[in-house]
Amino acid sequence: PFGDMLVSVTGAGSGIGRETALAFARAGAELVVSDLDEATVKDTAARIAAHGGVAHSYVLDVSDAEAVERFADEVCAAHGVPDVVVNNAGIGVAGAFLDTPAEQFDRVLDVNLGGVVNGCRAFARRLVDRGTGGHIVNVASMAAYAPLSSLNAYCTSKAAVYMFSDCLRAELAAAGVG
């Protein structure tokens with residue numbers, strides 16, 4: 001069902017991102033997979049290719065807005081505007097808020113929320129301007145609804161992703177971007 005579609009997945013080197021990329025590949029999509037870890041994202045692309053799929057791997061730090069914009073430029077120039085953009089990259093840090101160093105808390109927000117915002121900023125305008133619709137998938141978590149004292153930064157970031165996504169959905173609906 002995705003045989004004529006290009007799908008971009010961040011955080012595709014492992015976990016949910018890898019499984020999402022593999023599922024889209026099984027459904028026939030061409031993949032753009034990215035991750036901070038070059039070895040793991042290349043492995044994801046190799047797994048897709050080993051099963052007859054097409055995947056292009058990129059190293060990307062989603063928390064770096066300029067890097068995400070360069071990534072979007074390169075992807076669109078080389079492969080076209082993705083039909084589906086999956087902003088999945090995320091990290092967690094365990095520990096109570098009072099015991100979590102500020103730089104660790106901030107890094108979780110920079111990756112989990114900032115990475116989603118950067119991905120949307122880089123691709124949403126391109127999807128709208130293309131004029132044929134598309135989808136942006138921002139991966140949150142049930143942690144958005146479940147306050148856990150040991151995952152304060154993670155829960156906060158995922159709740160923000162959920163609300164940001166709802167706001168963006170309302171804004172982009174008229175352009176056919178879900």
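T10 lies in strand 1 (residues 6-10), where helices (H or I, at least four residues) and strands (E, at least two) are DSSP runs numbered from the N terminus. This is a predicted model in which local features need pLDDT of at least 70 and side-chain atom pairs count only at pLDDT 80 or more, while totals for chains, interfaces and linings use all residues. Residues are numbered from 1 along each chain as its sequence is written, and side-chain values use heavy atoms, with hydrogens and water left out.

T10 has a relative accessible area of 6% and is therefore buried (under 20% relative accessible area, with exposed over 50% and partly exposed in between; 1.4 Å probe, protein chains only). A polar atom of its side chain is 3.0 Å from the backbone nitrogen of A89.

Contacts (heavy atoms within 4.5 Å) of two residues are listed below, leaving aside residues up to four places away in sequence.

| Residue | Residues in contact |
|---|---|
| T10 | G17, S34, L60, V62, V86, N87, N88, A89 |
| F123 | F71, A72, C76, P82, V85 |

F123 is also among the residues with the most contacts inside the largest nonpolar core, which has 25 residues. Such a core is a set of buried Ala, Val, Leu, Ile, Met, Phe, Trp, Tyr and Cys residues joined through side-chain atoms within 4.5 Å. Helix 3 (65-79), helix 5 (114-130) and helix 6 (152-172) each give two or more residues to this core. A second, separate core of 16 residues includes A12, F24, A25 and V41.

Note on methods:
A polar contact is a pair of N or O atoms within 3.5 Å; within protein, one must be able to donate a hydrogen and the other to accept it, and residues adjacent in sequence count only if both atoms are side-chain atoms.
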